[in-house]
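Please open the model in your viewer and keep the sequence panel beside it, since each stop on this tour begins with a selection and then says what is to be found there.

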Amino acid sequence: MAKGTKPDLVTRDYTIHMSKRIHKMQFKRKAPRAIKEIRKFASKAMGTKDVRIDATLNKHIWSTGIKNPPTRVRVRLSRKRNEDEEAEEKLYTFAQLVQVDTFKGLSTENVDTA
């Protein structure tokens, strides 16, 4: 690997503090904004424009309704190769929910996919 290049396929666990990202939002816009903020976070962390959100993560955000999304979310972000030949980007990011009991002491971790 040359200097300054990122490895292609990487999987990491992140904790996203949702309440600071949706603070002062109207009630009816909180859950949709939470989904947009997850996309924005994943795009910045993984360096891809194409971010796909797993159905379980979406259900978890919407589980308490539109007004009250969870305060924090533990997310597994995986950078994967695009199977579609006509795609403009070679890589995409897949965001999945990681169930945890408590968020105390958690930090960003690399996950071994092998």
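Begin by selecting K24, which is exposed in this predicted model, with a relative accessible area of 75%. If you follow the backbone on either side, you will find that K24 sits in the loop that joins α1 to α2. Its backbone deserves a careful look as well, for K24 has a phi near 65°, which is a positive value in a residue other than glycine.

Next, move along the chain and select residues 30-46, the 17 residues that form helix α2. At 1.5 Å a residue these should span 24 Å, and because the end C-alpha atoms are 24 Å apart, the expected length and the one in the model agree.

Which residues of α2 are buried? Colour K30, A31, A34, I35, E37, I38, F41, A42 and M46, for these are the buried residues of the helix. Now turn the view until you look down the axis of α2, where the buried residues fall within an arc of 160°, so they line one face of the helix. On the other side of α2 you can select K36, K40 and K44, which are exposed.

Keep the buried residues of α2 highlighted and show what surrounds them. They pack against the strands β1 (11-17), β2 (51-53), β3 (72-81) and β4 (91-97), and also against the helices α1 (18-21) and α3 (55-62). Before leaving this part of the chain, select G47, which comes just after α2 and takes a positive phi of about 75°.

Now zoom out and colour the whole chain by its secondary structure, in which 3 helices and 5 strands should appear. Traced along the sequence, these elements follow the pattern β-α-α-β-α-β-β-β. With only the C-alpha atoms shown, the chain fills a box of roughly 45 × 35 × 25 Å, taken along the principal axes.

If you then display contacts with a separation of 6 or more, 67% of them join residues that are 24 or more positions apart. Colouring by burial shows that buried residues make up 32% of the 114 residues in the chain.

For the last stop, switch on the surface, whose accessible area is about 8,000 Å², with 48% of it belonging to carbon and sulfur atoms. Colouring the side chains by charge brings out 26 positive and 14 negative ones, and the centres of these two sets lie 13 Å apart.

Notes: Residues are numbered from 1 along each chain as its sequence is written. This is a predicted model: local features need pLDDT of at least 70, side-chain atom pairs count only at pLDDT 80 or more; totals for chains, interfaces and linings use all residues. Side-chain values use heavy atoms; hydrogens and water are left out. Helices (H or I, at least four residues) and strands (E, at least two) are DSSP runs, numbered from the N terminus. Buried means under 20% relative accessible area, exposed over 50%, partly exposed in between (1.4 Å probe, protein chains only). Contact means heavy atoms within 4.5 Å. Accessible areas come from the Shrake-Rupley method with a 1.4 Å probe; for residues, only the protein chains shown count as cover. Lys and Arg count as positive and Asp and Glu as negative; His and the chain ends are not counted. The place of a charge is taken as NZ of Lys, CZ of Arg, CG of Asp or CD of Glu. The expected span of a helix is 1.5 Å times one less than its number of residues. The arc is that of the directions from the helix axis to the C-beta atoms.
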